[in-house]
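Welcome! Take a moment to look over the sequence and the model, and then we will walk through a few parts of the structure together.

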Amino acid sequence: MSLHNLTPPVLDVRNLSKVFPIGSNLLGTKPAQMLQAVSDVSFRVAQGETFGLVGESGCGKSTLGRCILRLIDPTQGEVLLAGTDITHLNAAEMRPLRQDLQIVFQDPMSSLHPGMTIRRILAEGLRLLKLDAQTEAARIAELISLVQLPADVADRYPHELSGGQRQRIGIARAISVNPKVIVLDEPVSALDVSIQAGLLNLLRSLQERLNIAYVFIAHDLSVVRYVSDRIGVMYLGRIVETGRASDLFDNPRHPYTQALLSAIPLADPRAERKRARTVLEGDLPSPLNPPSGCSFRTRCPRARPLCAAERPLLEDTAHAVACHFPDPAGTEATARATPSTLQTGEGA
Amino acid sequence: MTAAPLLEIRDLRAAFRGPSGFVEAVRGVDFTLNAGEVLGIVGESGSGKSVAMMALLQLLPAQARVSGSAKFKGRELIGMPQRQIRHILGREIGCIFQDPLSAFNPVLTIGAQIIEAIRLHDRKISKRAALAQTIDLLASVSIPEPERRAQQYPHEFSGGMRQRAMIAMALANNPSLLIADEPTTALDVTVQAQILDLLRRLAQERDIGMVLITHDLGVVASMARDISVMYSGRVVETGSADSVFYDTCHPYTRGLIAAMPSLESVGTLLTPIDGTPPSIFDRPQGCSFAPRCGYALPACHETDPELRQIGTTRAACLRAEEIAAGTVRPTAPLSESLPV
Amino acid sequence: AQETLVVGRSMDVNSLDPSRAFCDTCQVYLTAVYEPLLTLGEDNKTLVPKLATTWENNDTFTEFTFNLNPDAVFSDGSPVEASDVVWTFERLRNLKGSPSFLMDGTQSIEAVDTHTVKIIVEAPNSEFLNKVSAPYTGIMNAEAAMAGGALADESAATADGAEGWFLENSVGSGPFVLTNYAPEDELRLTANSAYYGTAPGFGEVVITQIQDSVSQAQALETGSIDIAMQIDADTAKNMNNPDVVTEIVPSFNFVYFAFMPGSEAMKGKLTPPVREALTYAVDYDGMIEFTVGGNGNKIAAPIPNGFPGTANLMPRSQDVEKAKSMLADAGLGDGFTMEAVYPNDNVYGVDLNIMMQKLQQDFAQVGVDVTLKPVTYPVWREDMANGRADLTAVYYAPDYYGSGQYAAYFGMTEGSTWVSRAGYKSPETVVNAKEGEIYAAALAASGDAADAKYEELAKELMADNVIIPLVSPNLVLAHRSDIQGVRYSACCNLPLAEISRK
Amino acid sequence: MLRYIIRRILGVPFLLFGVASVAFLLSQSTKGDPLSALVPERMMNNPEIVSAVKAQWGLDQPLPVRYVIYMKNLVQGDMGTSFNTRRPVARDIADRLPATLELVTAAMIIGTTFGMGIGLLSARFRYSLFDNAARGFALLGSSLPIFWSGLIMLYIFSVQLKWTPGTGRLDARSTPPEHITGFYSIDSLLAGDWALLGQTLSHLALPAFVLGWSVVGIVARLVRSSLLEALSQDYVRTARAKGAPERVVLINHALRNALIPVLTVLGFTFAYLITGAVLTEAIFSWPGIGSYAVAAARSLDYPAIGGVTIVGATAFLLANLATDIAYAWANPRIKVSG
Amino acid sequence: MASTSPRARMRALSSGRALFGRLPLTGKIGVLILLFWAITVVSVQFWPLVDPLMMAGRRLQPPSGAHWLGTDALGRDVFSRTLHGAAYTIPVAVMVVVFAVVIGSALGAIAGYFGGWFDAVIMRTADVTLSFPPILLAMTVAAALGPGLPNAGLAMIIVWWPIYARLMRAQVLEVRTREHVEAAIAGGAGRGRVLVVHILPLCWTPTLINATMDFGQVALLAASLSFIGLGAVPPSPEWGSMISEGASKFYSWWIAFGPGMAILSVVLATSFLGDGLRDIFDRRGPQ
Ligand SMILES: Nc1ncnc2c1ncn2[C@@H]1O[C@H](COP(=O)(O)OP(=O)(O)OP(=O)(O)O)[C@@H](O)[C@H]1O
Ligand SMILES: Nc1ncnc2c1ncn2[C@@H]1O[C@H](COP(=O)(O)OP(=O)(O)OP(=O)(O)O)[C@@H](O)[C@H]1O
Ligand SMILES: [Mg+2]
Ligand SMILES: [Mg+2]
Ligand code: NI
């Protein structure tokens with residue numbers, strides 16, 4: 001809790017929104033519908049910290065990640081990278097900053113160019129650094145060993161590698177330019193548990209070594225819990241609850257977070273048998289036509305008329321929730337919302 | 001009880017044509033499932049779970065070679081002529097697949113597809129009656145407004161609803177066996193919870209035996225009475241859910257459990273299983289898990305162990321007793337030892 | 001139902017207006033529907049009465065008087081009168097259409113009385129009677145035509161708007177009337193119920209579009225048509241169907257190539273001796289073999305065999321050595337290159353492409369390298385008008401029986417079509433002043449005297465060495481064996497009214 | 001989708017405008033003599049006649065003026081008068097289009113039936129002798145120049161075997177049925193004249209088969225490959241798991257999906273054939289729009305070239321539109337979105 | 001560069017052979033036929049054949065020992081002309097396909113990748129061209145430029161490019177949403193580089209398959225143009241003009257038989273090869 005005043009956040013997302021125009025009217029001049037994929041999302045990430053984003057499919061996690069990287073342009077809000085607003089830079093101005101901001105994708109196959117060798121793929125990423133041939137070769141070798149792969153993968157093609165190995169290459173490419181922030185968009189979802197564990201370990205050790213900030217997107221709560229310092233829970237484009245990982249898991253305040261947690265199957269038959277479940281009714285509403293007021297109210301066991309009338313705002317606290325009828329916060333509830341560099345595990 | 005089990009599989013094998021001759025994707029699998037029970041099959045991607053099930057239902061491509069025995073209610077399915085097995089599929093055995101979007105025909109309404117399932121096995125039923133039955137089925141899997149929904153196309157359904165419709169279709173002819181191949185893998189946790197709930201309820205209500213294939217240990221833990229763990233085309237450990245989870249004696253099962261990040265593992269390093277599962281085209285000699293195994297002995301690289309009763313579970317490992325007793329500790333596997 | 005005669009043709013109709021039409025199918029049509037004053041007898045030489053029962057001319061061939069058949073009526077029943085003849089001829093003259101040249105030089109056309117017409121021409125014209133036997137001079141019902149928008153006065157060339165009307169109506173006194181015309185599909189005629197002469201052999205005649213020789217042959221064999229006239233000799237050889245009769249008769253058509261000494265590339269090269277040299281390079285016998293499989297005749301001057309003045313002509317023959325030595329004398333012993341531009345057509349059984357390839361081979365023997373450029377007709381005309389070809393190849397079919405048309409068309413008289421083509425911007429390379437005089441003399445003479453003049457003219461035309469006729473292909477007259485009365489006429493192509501079923 | 005289709009319809013005039021302009025400019029840029037059909041050879045050197053004809057046909061105006069006049073007339077549905085036939089182009093086309101449409105429709109029916117059948121069986125028995133032989137047969141039709149294969153077929157079926165009559169739409173001796181649709185087959189049916197109907201169909205059979213055969217290969221190949229694609233889909237496995245017999249799987253499930261891409265190509269092919277039937281029309285003396293087009297292009301008949309181009313382009317655009325609609329109809333995934 | 005390393009070269013070689021190995025039998029036959037014609041094209045002038053342009057015997061002689069496919073209307077040897085014809089028809093077909101592919105693909109790629117105005121202008125132009133009746137377009141172009149194979153080729157390129165533009169555009173639109181493209185952008189690659197290095201190399205398969213099949217169709221259209229008189233000029237033994245010559249001398253069937261079979265073999269070969277390639281490449285997912 002002491003460092004936050006000294007180190008400014010390396011990534012500061014402020015009121016970010018993204019609207020996708022869908023279809024178009026008769027003359028093609030205006031879109032027929034607007035899809036609000038991300039609405040008014042704010043969070044900060046400090047150096048070396050991991051911010052986890054969870055939520056169901058389609059709630060806007062990837063869109064948020066892409067907006068942060070300026071792969072798509074946000075409709076509103078700002079993204080500050082180490083204090084610089086990158087939202088309004090053009091492609092050329094953006095290019096030097098790309099060094100600091102990298103991304104790892106979910107699908108390890110489609111995120112690697114199938115016609116290039118691993119060496120070329122990594123060299124492509126290194127172009128930003130403008131290295132000479134020798135340094136580049138050395139750097140590639142270093143990266144490959146950094147992600148714990150045998151040196152001979154350099155001359156292989158992506159389809160000759162296993163999923164886990166491919167994902168390691170994806171990570172190698174991201175860290176190759178020494179970024180400050182990496183957005184990890186479901187980096188382990190496509191992998192089997194036995195392989196996923198190795199990757200999670202790798203991500204951790206790299207973060208410790210290189211002091212990178214992660215924005216870790218996932219829908220698997222146990223994974224997010226495992227890697228994140230702080231977590232934001234998204235629902236239909238909004239963050240509905242955010243706080244330190246331990247607070248959020250030990251003391252979920254939003255009914256949605258509670259439902260999510262209770263839905264995780266535990267690899268423990270006895271515990272499972274004893275477990276009381278809250279199974280949510282219904283499905284995620286369409287983002288084209290979100291419910292009025294609180295977007296969760298259609299599936300919320302606690303919904304009351306107020307929820308339909310008025311949208312609850314996200315509190316401005318360390319463990320914040322956007323709900324009219326939240327559970328009370330735990331011990332830290334009164335603390336101001338701050339980025340934290342806490343190492344989970346030590347503080348839990 | 002002397003009653004024959006619902007499904008009894010012995011030494012099931014399935015091979016595909018590879019660049020140099022046939023290679024087995026499933027290599028001698030045994031299962032037994034009694035009516036009203038749930039058998040969970042877990043294993044990593046590519047371990048042969050789906051192929052095993054498709055093999056006994058004759059749903060593999062024609063070039064695949066299947067051998068062994070699969071007795072359903074005493075009738076041998078392997079080698080049964082197409083004409084006969086057609087009367088079992090969809091009537092006595094229902095199937096649910098992983099990706100409910102691609103598993104439905106995109107150009108037919110959900111209703112039409114369920115009606116087809118009914119009428120394929122009951123020629124005499126009128127369209128109208130089949131529709132009524134379809135609507136009842138959709139209602140029974142908690143699909144709101146079933147009349148309207150029956151007229152809609154798969155893409156108009158959400159993922160969870162599609163999977164429910166899939167379940168409804170599988171149950172259309174009151175099967176006694178349900179084969180669910182990763183029914184929730186493509187779904188969100190909240191929806192997964194709904195579907196698992198539904199399956200549990202239906203299995204109980206209708207006394208259906210179910211084979212539940214998944215790679216999520218959590219899912220089997222909450223659903224299955226018995227569990228079989230598959231690795232590289234073979235069952236490596238099998239037993240009741242409790243014994244497989246608590247009296248684990250195969251190093252692979254142990255590895256799987258240890259690799260899962262759980263709420264307790266926060267702050268500690270996870271224990272991955274090193275290396276990757278072998279491809280079916282170049283399996284190592286001996287125990288195919290040996291190259292990734294911390295307990296492997298030189299002997300493991302030579303002989304492929306059979307399933308043996310070890311305490312409460314059956315495992316296919318030379319050192320299962322030692323591991324169960326906790327008298328050995330793993331060392332780094334022989335190949336691909338990587339620093340962590 | 002009435003009996004129908006079906007003729008298969010590749011239809012080349014440009015118009016059904018007698019004063020505008022100008023094509024082989026048009027000749028067939030006009031002969032069936034309209035009647036000229038005179039027509040050509042079966043011997044393809046003698047003129048016989050048609051609408052005019054008798055006629056006379058003065059000795060100098062400047063005044064012609066025709067007495068019309070008082071029984072003759074048009075298809076609407078109204079009588080054929082002198083005023084109709086006057087109107088028709090004036091219209092033909094004033095319309096400036098393709099066949100208008102037939103009225104060239106007419107000074108006055110007047111009706112002496114209802115059944116007598118007198119025509120005065122500016123210069124002696126012994127061929128005038130032949131001209132008024134051409135189907136294009138068929139007499140129209142003036143009133144009916146005027147009702148259809150036709151004009152005969154001076155303004156006709158620009159103001160006449162009846163062309164479209166004539167596609168649907170016929171106003172002749174012939175044995176047939178037009179019932180339907182669909183361009184490049186069919187032309188349907190029915191017997192004229194008001195016809196004053198002997199009724200035709202068929203109640204209905206259909207000319208149906210069949211493009212090529214092979215298809216015509218096949219259609220004839222299957223019996224879907226009764227007559228075909230465009231079957232080539234090679235195809236005809238392969239038809240051995242007892243139901244089909246093929247007669248091979250000499251035709252008055254011919255195919256020729258022409259030198260264009262005025263073209264840019266040939267400046268100073270295609271001098272008369274060089275042209276003459278090149279004519280010795282051509283294998284005339286081979287040409288007939290290769291283009292029509294031997295079914296044709298050599299032809300000396302650009303006047304069809306059998307026409308006045310051609311009887312004693314000696315056709316050219318090949319003499320490669322002479323050609324070589326003449327070329328060497330002209331300083332072109334090492335050869336040169338020419339470009340041949342010609343319409344990409346297959347006419348009268350001759351594929352111009354094959355003919356030109358043969359010519360190319362022949363010229364190659366004397367070191368002259370010919371590049372071939374087959375083009376569409378409009379492109380060919382444009383190239384012709386602009387001196388862009390060194391060599392060309394075309395065909396000609398008679399418009400009436402008489403050699404004068406050839407003198408007018410092929411003669412190298414100042415301002416003629418071929419002088420402006422072949423001579424382009426340097427007409428002096430081709431002009432032959434004598435030809436005009438001889439032609440005038442021929443027109444002023446008649447009988448043998450005229451023939452002698454035409455012979456003299458023909459020799460001049462040959463000496464020009466500009467228009468070199470190659471082949472006069474025979475005509476394959478093919479018809480079902482139960483058809484009789486099929487004949488080929490030099491003026492009228494196929495007189496439909498004479499045909500009947502056995 | 002509806003929106004999309006409406007937008008497409010709104011776009012059609014603009015595309016037609018483009019097509020008409022290009023057609024106009026292209027035909028004006030050829031270096032042939034445009035008067036060749038209008039001024040007789042003998043009159044070519046007579047400036048009086050030439051200028052009179054030019055004035056009469058509006059060829060004396062400068063190009064831009066002519067363009068504007070042409071476009072203006074076009075908007076009013078006046079495509080001008082053909083140099084060749086001396087009739088309004090619109091009328092020529094109206095006379096000839098039904099013949100082509102009838103031929104092309106028949107060809108498409110033949111092509112599609114055979115193509116689908118062969119494609120279906122080929123996919124079912126992939127790489128069998130049947131597959132290869134059937135595909136060979138299907139491809140044969142599109143591998144031989146029609147102007148040759150047409151003659152061969154005529155010789156075999158018409159001259160030798162006498163199974164079919166000769167060329168043309170009808171025997172020259174018969175009179176066409178009363179003009180209602182312009183399709184002789186339909187008109188003779190409407191007139192109840194069975195003999196004429198029989199004659200119409202027997203005349204139609206051979207050219208339609210020759211033209212249809214050239215389509216069989218395209219359809220068969222597409223049906224086969226999209227069926228194979230469809231057969232590898234998950235829903236096919238679902239159908240089998242329901243106990244559906246192979247026939248049901250193939251027809252109800254795979255084929256219905258496989259038809260979606262086939263539909264697209266069929267629409268395109270139909271439009272293409274309307275002007276692409278040129279050679280078939282020439283060989284079979286079919287009085288259609290294709291042979292009209294060739295005659296027009298050969299003789300630089302500007303108005304006719306323009307007219308045919310516009311008709312061809314309209315057919316193409318309409319076929320595209322119909323394809324889109326059919327696509328939407330066959331593919332429920334499209335209906336809701338957009 | 002990796003692509004020049006021996007390992008990569010070996011991979012390229014073996015993949016060529018592997019590709020051939022994976023082709024179905026008909027595809028293999030197709031390759032062999034095309035190979036035969038390719039060899040013919042480059043070497044036919046050295047073969048011991050009679051001069052294809054000169055009279056070699058009497059005209060219209062049926063096939064015999066001296067003239068395996070008989071003689072044509074000018075007494076030229078049809079067999080020799082057929083083989084020499086390959087050197088006219090095939091290079092034209094190749095050029096047409098290559099140019100149409102290059103032009104169409106380039107424009108299609110630009111349209112697909114940059115979108116907006118580029119897209120609108122290029123694709124509308126393609127629409128207009130496509131909606132032009134192809135034969136008419138070819139005829140007008142050939143009429144404007146004069147006869148001859150090169151001009152006919154140009155006409156065919158104009159007819160064909162929009163097809164490839166559409167194909168490439170669709171492919172680019174699909175590939176550009178792949179994650180590795182986003183990764184390249186995130187890695188700081190500029191637009192041009194993204195298009196050329198990261199998108200285009202993955203867009204060729206459908207174009208390749210289509211081009212294979214179109215190759216035969218171009219040969220056929222060239223023949224049709226020759227038939228209408230807009231293709232090759234005499235006396236070149238181009239297949240289309242030979243067939244049209246044979247068609248007018250229909251009863252001397254052998255004149256058209258040689259070139260007819262030659263075209264047939266090329267079209268069938270390309271179709272079978274195209275089908276084979278599609279069978280290999282169209283399977284979803286890697287391998
Ligand atoms: N390019 C786009 N155009 C239109 N809509 C889009 C686009 N990209 C995403 N969307 C929509 O935005 C919403 C959020 O999508 P996003 O991919 O961010 O979800 P996600 O949380 O990453 O889901 P998942 O877990 O499935 O990856 C979805 O409804 C999606 O359909
Ligand atoms: N049609 C086929 N041809 C060749 N090999 C196949 C075929 N189908 C499956 N295989 C192979 O068989 C092995 C077992 O596949 P299977 O689909 O049973 O795995 P799984 O355990 O179901 O995996 P997942 O969890 O990914 O569904 C895999 O290596 C796969 O590549
Ligand atoms: Mg996502
Ligand atoms: Mg599976
Ligand atoms: Ni703090």
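How far is an oxygen atom of ligand 1 from a polar backbone atom of A:Cys59? The distance is 3.3 Å. Before going on, please keep in mind that this is a predicted model, with an ipTM of 0.83 and a pTM of 0.85.

**Around ligand 1**

Let us stay with the ligand for a moment. Ligand 1 is surrounded by 14 residues. The closest of them are A:Ser57, A:Gly58, A:Lys61, A:Ser62 and A:Thr63. A:Gly58 also offers a polar backbone atom, and an oxygen atom of ligand 1 is 2.7 Å from it. With A:Glu186 the partner belongs to the side chain: one of its polar side-chain atoms lies 3.1 Å from an oxygen atom of the ligand.

**Where chain A meets chain B**

Next, turn to the place where chains A and B touch. Chain A brings 43 residues to this contact and chain B brings 48 residues. Together they bury an area of about 3600 Å², and carbon and sulfur atoms give 61% of it. Across this interface there are two salt bridges. One of the residue pairs joined in this way is A:Arg273 and B:Asp242, whose side chains meet at 2.3 Å, N to O. There are also 13 residue pairs in polar contact, with both residues at pLDDT 80 or more.

Which elements of chain A supply at least two residues each to the side that touches chain B? They are α6 (193-210), α7 (221-227), α9 (255-263) and α10 (269-274) of chain A. The most comes from α6(A), which gives nine residues. By residue type, this side of chain A divides into 18 nonpolar, 13 polar and twelve charged residues.

**Where chain D meets chain B**

Chain B also touches chain D. Here 22 residues come from chain D and 25 residues from chain B. The buried area is about 2100 Å², with 62% given by carbon and sulfur atoms. Between these two chains the count is one salt bridge, formed by the side chains of D:Lys242 and B:Glu116 at 3.0 Å, N to O. Ten residue pairs are in polar contact across this interface, both residues being at pLDDT 80 or more.

On the side of chain D that touches chain B, the elements giving two or more residues are α9 (234-241), α10 (246-276) and α14 (332-336) of chain D. The largest share, seven residues, is that of α10(D). This side of chain D holds nine nonpolar, five polar and eight charged residues.

Here are the two interfaces side by side:

| Interface | Residues in contact | Buried area | Share from carbon and sulfur |
|---|---|---|---|
| Chain A and chain B | 43 residues from chain A, 48 residues from chain B | about 3600 Å² | 61% |
| Chain D and chain B | 22 residues from chain D, 25 residues from chain B | about 2100 Å² | 62% |

**How confident is the model in chain E?**

Finally, have a look at chain E. Its pLDDT averages 84, and 93% of its residues score at least 70. Where in chain E is confidence lowest, and where is it highest? It is lowest in helix α1 (residues 6-22), with a mean of 62, and highest in helix α3 (residues 78-114), at 93. Over residues 1-10 of chain E the pLDDT is below 50, and this stretch has eight contacts in the model beyond near neighbours in sequence. The pLDDT is also below 50 over residues 283-287 of chain E, a stretch with four such contacts. Where pLDDT is low, the predicted coordinates should not be read in detail.

How values were computed. Residues numbered from 1 in each chain as written. Chains lettered and ligands numbered in written order. Heavy atoms only, no water. pLDDT = per-residue confidence, 0-100. Helix = DSSP H or I, 4+ residues; strand = E, 2+ residues; numbered from the N terminus. Contact = heavy atoms within 4.5 Å. Buried area = accessible area lost by both parts, 1.4 Å probe. Salt bridge = Lys/Arg side-chain N within 4 Å of Asp/Glu carboxyl O. Polar contact = N/O pair within 3.5 Å; in protein donor to acceptor, adjacent residues only side chain to side chain. Nonpolar A, V, L, I, M, F, W, Y, C, P; charged D, E, K, R; others polar. Near = heavy atom within 4 Å.
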